Every structure is written in C-alpha cells, then in structure tokens.
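Colleague: Could we go through this model together? I should like to begin with the strand pairing and then turn to the aromatic side chains.

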Amino acid sequence: MTKVLICLFLFVTVSNLFPQKENHKWKPLIITESQKVWVDQSQADTITAPVFDIWVLELHQPLLTVEGIKGKVMRSKSLYQVNVLEKCYNLKSVVYYNSSNTEIARFDYDLSLMNENNRFSFPVYEESVIDKIIRTIFIRTAEY
C-alpha cells in the first residue's frame with residue numbers, strides 16, 4: 001500500500017512539474033460586437049518566412065454547435081499554416097473549449113501526408129481573418 005501511495009505521489013508531482021500546456025500571448029486582431037479574434041503575438045513576432053504557422057483564438061457568441069462534439073463551443077483555437085506567396089492556407093489543428101474554458105475536443109491534421117501541390121487547400125480572401133493576419137505581420141516589413 002505504501003509503494004502505491006509513493007508512486008501515486010510521484011506521478012502527480014512530476015506531472016505538475018512538467019505540464020504539457022501550450023503558452024500563448026494573445027493580441028487582439030478583430031474586436032467588434034459580432035467578431036472577436038486574437039493571434040498569438042509571440043509567434044507573430046518571429047515570422048519572417050512567406051510560409052508560417054500561426055495560432056488564432058476565436059470567441060463564439062452565440063455559442064457554436066459542432067457535429068460530433070458534446071456541448072456548446074464558446075472558444076476555438078486554430079493552428080493555421082499560411083503561404084503568403086500563393087495566398088492560401090490550411091488548417092493544422094483546432095481545439096474547442098466550452099464556457100467553463102475546458103477543452104472538449106481537439107483535432108490535428110497531418111499536412112505532410114498531403115500532396116505538395118495541394119497542401120494549401122483554402123484561398124485567402126480579402127478582409128478575411130487570414131488576410132488580416134498577413135497584413136498585420138507583414139506590414140512591419142512591407143513584404144506583402
């Protein structure tokens with residue numbers, strides 16, 4: 001019994017010392033009454049290449065109902081891979097949270113399995129969230 005308690009104590013202690021948590025520094029991108037979107041500023045500050053990954057956080061009001069997910073979605077955090085030269089992007093990961101800020105679903109997409117010519121599935125439309133991200137990042141260097 002003592003060995004079990006010691007093992008349990010070590011497991012809990014070690015898992016708390018080395019949590020696997022993503023740390024983001026969110027910066028507002030779009031804050032209007034109808035849309036609230038943030039980007040990970042720490043990621044955005046390091047982008048210099050025309051192909052990059054960026055985390056985007058979005059608040060959903062009213063709450064979303066997503067097929068296959070139990071409960072309502074209040075926030076979603078998405079990792080996009082963006083190609084500025086071709087003006088297109090793809091989704092690498094999406095995480096859904098409920099109103100208690102608890103992760104309720106996570107989906108990861110392996111882009112390495114995709115054909116190189118079709119890796120970026122979605123075009124960047126003017127005034128879209130991805131367009132605003134590109135403009136925010138590359139306005140500093142006037143490369144866009």
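Colleague: How many bridges join strand 3 to strand 4?
Modeller: In this predicted model, 10 bridges join strand 3 to strand 4, and the two run antiparallel. Strands are DSSP runs of E with at least two residues, helices are runs of H or I with at least four, and both are numbered from the N terminus. Two strands pair if DSSP finds at least two bridges between them.

Colleague: Which residue stands opposite Leu-79?
Modeller: Trp-55 stands opposite Leu-79 of strand 4. Lys-77 lies over the face of Trp-55, at 4.9 Å from the ring centre. A charge sits over a ring if NZ of Lys or CZ of Arg is within 6 Å of the ring centre and within 35 degrees of the ring normal.

Colleague: And how many bridges join strand 2 to strand 3?
Modeller: Four bridges join them, again in an antiparallel arrangement. The bridge partner of Val-37 in strand 3 is Glu-58.

Colleague: What numbering and filters apply?
Modeller: Residues are numbered from 1 along each chain as its sequence is written. Local features need pLDDT of at least 70 and side-chain atom pairs count only at pLDDT 80 or more, while totals for chains, interfaces and linings use all residues; side-chain values use heavy atoms, with hydrogens and water left out.

Colleague: How many aromatic pairs are there in the whole structure?
Modeller: The search finds three aromatic pairs. Among them, Tyr-89 and Phe-122 form a tilted pair, 5.4 Å centre to centre with 35° between the planes. Rings of Phe, Tyr and Trp (its six-membered ring) pair if their centres lie within 6.5 Å; planes under 30 degrees apart count as stacked, over 60 as edge-to-face and the rest as tilted.

Colleague: Why does that pair tie together separate parts of the sequence?
Modeller: Because Tyr-89 lies in strand 5 and Phe-122 in strand 7, the pair ties together parts that are 33 residues apart in sequence.

Colleague: Is Tyr-89 buried or exposed?
Modeller: Tyr-89 counts as buried, at 17% relative accessibility, whereas Phe-122 counts as partly exposed, at 38%. Buried means under 20% relative accessible area, exposed over 50%, and partly exposed in between (1.4 Å probe, protein chains only).

Colleague: What about Tyr-96 and Phe-107?
Modeller: Tyr-96 and Phe-107 form an edge-to-face pair, 6.2 Å centre to centre with 75° between the planes. Tyr-96 is in strand 5 and Phe-107 in strand 6, 11 residues apart.
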